[in-house]
Amino acid sequence: MRCLSCHKLSWQTFCKLCQNKLLKPSISKRKIGSLEVYSFFKYQNIEDLLLTKHTPQGYIVYRALAKQSFRPFIKNFIKEDSRVVYIVGVDENVKSGYSHVSLLTEQLSYKNSKVLYSKLMATNLVNYAGKDLQFRLENPRDFQYTGLEDIEVILVDDIITTGTTLQEAKRVLEKNRVKVLFALTLANT
Ligand SMILES: [Zn+2]
């Protein structure tokens, strides 16, 4: 098989060289209101890979990227912080039979870190792709949360653009007495 990043022959989804160089995660932090958002990659560096999202390869690519970034992050986090933490993904309208965000959150399931699947669902399925901040503000996702209350969570999404989605998600969770510690995203645009 071939490396899905550089297309050279490789036994793994991404070859060793890509894993160690091009796809080496480098954490950046953004502050959106009172929410700290950590991202592992710059969008433009892995754009080709992210664009596989709605293709048959997307499943393999997203999972491999999550293993490369979310997995080591949670292992480190749990090592330093022994409390129970829950993981909540910003769920999307599932078009291709599976949720991309759940490919990310499943890599965060480790020891005291527990994933709540499909507990935060958008009831407004408006498409934000290519839309500006104004449009996003006027068309909120209207999330519905059906998970546990009185817990601490790490919020997860695949890409952060303006941050309005994550902010809205945080507000809805807080209304349900959920404390959002911070957010994690694969890529920052
Ligand atoms: Zn490669």
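**Group meeting: a walk through the predicted fold**

Let me begin at a turn: strands S1 and S2 form a hairpin with 2 residues between them, and Gly33 in that turn has a positive phi of about 60 degrees. Strands here, like helices, are DSSP runs numbered from the N terminus, with at least four residues (H or I) for a helix and at least two (E) for a strand. Before going further, I should say that this is a predicted model, in which local features need pLDDT of at least 70 and side-chain atom pairs count only at pLDDT 80 or more, while totals for chains, interfaces and linings use all residues. Residues are numbered from 1 along each chain as its sequence is written.

Staying with the hairpin, S1 (residues 28-32) and S2 run antiparallel and are joined by 5 bridges, where strands count as paired if DSSP finds at least two bridges between them. Ser28 has Ser39 as its bridge partner in S2. S2 also runs parallel to S8, again through 5 bridges, and there Val37 stands opposite Ala183.

Stepping back to the whole chain, there are 6 helices and 8 strands, and along the sequence they follow the pattern α-β-β-α-α-β-α-β-β-α-β-β-α-β. For 189 residues a compact globule would have a radius of gyration near 16 Å, and the chain, at 16 Å, agrees with that; the radius is taken over C-alpha atoms, and the globule rule is 2.2 Å times the number of residues to the power 0.38. The C-alpha trace spans about 50 × 40 × 30 Å along its principal axes. Among contacts between residues at least 6 apart in sequence, 72% join residues at least 24 apart, a contact being two C-beta atoms, placed from the backbone, within 7 Å.

How much of the chain is buried? Buried residues make up 34% of the 189, where buried means 20 or more other C-beta atoms within 10 Å of the residue's own, exposed means 12 or fewer, and partly exposed lies in between, with C-beta atoms placed from the backbone.

Strand S3 (residues 85-89) is a good place to see this, since 5 of its 5 residues are buried. Val85, Ile87 and Gly89 point one way from S3, Tyr86 and Val88 point the other way, and all are buried. S3 runs parallel to S4 (residues 113-116), with 4 bridges between them, and Ile87 stands opposite Val115 in S4. S3 is also parallel to S7 (residues 152-160), once more through 4 bridges, with Val153 of S7 as the bridge partner of Tyr86.

Next, the helix H3. Its 23 residues (58-80) should span 33 Å at 1.5 Å a residue, and the end C-alpha atoms are 32 Å apart, which agrees; the expected span is 1.5 Å times one less than the number of residues. H3 nevertheless bends by about 40 degrees at Lys67, the bend being the angle between axes fitted to the seven residues ending there and the seven starting there. Its buried residues include Tyr62, Leu65 and Phe70, and the buried residues of H3 pack against H1, S2, H2, H4, S4 and S8.

That leads to the core. In soluble globular proteins, nonpolar side chains tend to be buried together. Here the largest nonpolar core has 43 residues, and those with the most contacts inside it are Val88, Leu104, Val153, Leu155 and Val156; such a core is a set of buried Ala, Val, Leu, Ile, Met, Phe, Trp, Tyr and Cys residues joined through C-beta atoms within 7 Å. S2, H2, H3, S3, H4, S7, H6 and S8 each supply at least two residues of this core, and H3 gives the most, with 7 residues. Not counting residues up to four places away in sequence, Leu155 touches Val88, Val90, Leu166, Ala169, Lys170, Val180 and Ala183.

Finally, three loop residues. Gly163, in the loop between S7 and H6, is buried because 21 other C-beta atoms lie within 10 Å; beyond its neighbours within four places in sequence, Gly163 is in contact with Ile32 and Val37. Ser118 has a positive phi of about 50 degrees although it is not a glycine, and with 15 other C-beta atoms within 10 Å Ser118 is partly exposed. Asp150, in the loop between S6 and S7, has a positive phi near 55 degrees, though it is a residue other than glycine, and Asp150 is exposed, with 8 other C-beta atoms within 10 Å.
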